[in-house]
Structure formats: structure tokens, C-alpha cells
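Visitor: Please give me a close look at one part of this model, the end of the chain, and at what lies around it. Start with any term I need in order to read the exposure values.

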Amino acid sequence: MFRDSRLLVLLAAGSLTTMAGGVVAPVLPDMVDQLHLNPAFAGNLVSIHCLTIGLFSPPLGILADKIGRLRVLIPCLILYAVFGIAGAFFQELVPLLVVRGL
């Protein structure tokens, strides 16, 4: 039972990166209109998480090997939730990009 629940958590955490762009893409035109964002740069809201994944995956992987996977995964999931919710409170492009990246 314990092994299956750990696998389920791992698979769910892995799907978060895939869903991160898929959640924003359908509402992007509405966000551009309602928040008066520059359409040329608003598309970065969909893909900015890919940059931060590429930058932080190697150091976090090394850290996970040193201190343990769960000790890295759980705080990262908590921060993912906090910054995901924080995006609802910003109405300008730069702060939205920052919290989307974080």
C-alpha cells in the first residue's frame, strides 16, 4: 500500500509540469483582454515554467541525491501551490511572469 501511494504521488507531481502550460493557454486571450497585457509578451506566461524547470532541475536533483527525494519534493510542492495561488492576485505582466516561473 505504501509503495503504491508513493508512486501515485510521484506520478501526480510529474504531471504538474505538463499541466502548468495547459492551464493558462486556454484563458490567455481573456487574460490579455482583461488585464490589458501586451500580446507580444503574454505568450511567455504559457512557457515561462519550462525555463525555470530547465534551470532548477539539475541543482534540485543533486540536492535530492544528497538529502533525500522527499525532503526536496514536499517543500517544492508546497511552494508550487503557494506561487500558483499567488498568480491570481497580480494584474501586470512582470509579476505574473515571476510567479509563473517560481
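Guide: A residue counts as exposed when its relative accessible area is over 50%, as buried when that area is under 20%, and as partly exposed in between. His 36 shows how this works: its relative accessible area is 71%, so His 36 is exposed. His 36 sits in the loop between α2 and α3. Its phi is near 55 degrees, which is a positive value in a residue other than glycine.

The model is predicted, and some context is needed before turning to the end of the chain. The protein has six helices and zero strands, so the order along the sequence is simply α-α-α-α-α-α. The C-alpha atoms fill a box of roughly 45 × 30 × 20 Å along the principal axes. Of the 102 residues, 20% are buried. The protein exposes about 7400 Å², and carbon and sulfur atoms supply 72% of that area. Among contacts between residues at least 6 apart in sequence, 59% join residues at least 24 apart.

The part to look at is α6, which covers residues 93-101. Its buried residues are Leu 93, Leu 96, Leu 97, Val 99 and Gly 101. The cover over them includes α2, α3 (39-42), α4 and α5 (69-86). An α-helix has 3.6 residues a turn, so residues three or four places apart point the same way. Leu 93, Leu 96 and Leu 97 belong to the largest nonpolar core. The other members of that core are Val 24, Leu 28, Val 32, Leu 37, Ala 42, Leu 45 and Ile 48, and the core has 10 residues in all. Helices α2 (28-35), α4 (44-67) and α6 are the elements that give two or more residues to it. The largest share, three residues, comes from α6.

Arg 100 is also in α6. Its relative accessibility is 23%, which is neither under 20% nor over 50%, so Arg 100 counts as partly exposed. Leaving aside neighbours within four places in sequence, Arg 100 is in contact with Ala 20, Gly 21, Val 24, Leu 45, Val 46, Ile 48 and His 49. Among these, Val 24, Leu 45 and Ile 48 are core residues. Arg 100 and Ile 48 are 52 residues apart in sequence, but their C-alpha atoms are 6.6 Å apart in space. From the side of Ile 48, the contacts beyond four places in sequence are Leu 97, Arg 100 and Gly 101. Ile 48 thus touches the buried residues Leu 97 and Gly 101 as well as the partly exposed Arg 100. As for charge in general, the protein has 6 positive and 5 negative side chains, and the centres of the two sets lie 21 Å apart.

Before α6 comes the loop that joins α5 to α6, and Gly 87 is in that loop. Not counting residues up to four places away in sequence, Gly 87 touches Leu 96 and Val 99, and both of these are among the buried residues of α6. Gly 87 and Gly 14 are 73 residues apart in sequence, and their C-alpha atoms are 21 Å apart.

The UniProt record, an unreviewed entry, lists residues 45-63 and 70-90 under "transmembrane region". Over residues 45-63 the chain is 100% helix, with its end C-alpha atoms 28 Å apart. Over residues 70-90 helix accounts for 81%, and the end C-alpha atoms are 31 Å apart. UniProt also places the feature "domain: Major facilitator superfamily (MFS) profile" at residues 6-102, again from an unreviewed entry. Over residues 6-102 the chain is 85% helix and 0% strand, and its end C-alpha atoms are 25 Å apart.

Note on methods:
Residues are numbered from 1 along each chain as its sequence is written. This is a predicted model: local features need pLDDT of at least 70, side-chain atom pairs count only at pLDDT 80 or more; totals for chains, interfaces and linings use all residues. Side-chain values use heavy atoms; hydrogens and water are left out. Helices (H or I, at least four residues) and strands (E, at least two) are DSSP runs, numbered from the N terminus. Buried means under 20% relative accessible area, exposed over 50%, partly exposed in between (1.4 Å probe, protein chains only). Contact means heavy atoms within 4.5 Å. Accessible areas come from the Shrake-Rupley method with a 1.4 Å probe; for residues, only the protein chains shown count as cover. Lys and Arg count as positive and Asp and Glu as negative; His and the chain ends are not counted. The place of a charge is taken as NZ of Lys, CZ of Arg, CG of Asp or CD of Glu. UniProt positions are given in the numbering used here, feature names are shortened, and annotations may be inferred rather than shown by experiment. A nonpolar core is a set of buried Ala, Val, Leu, Ile, Met, Phe, Trp, Tyr and Cys residues joined through side-chain atoms within 4.5 Å.
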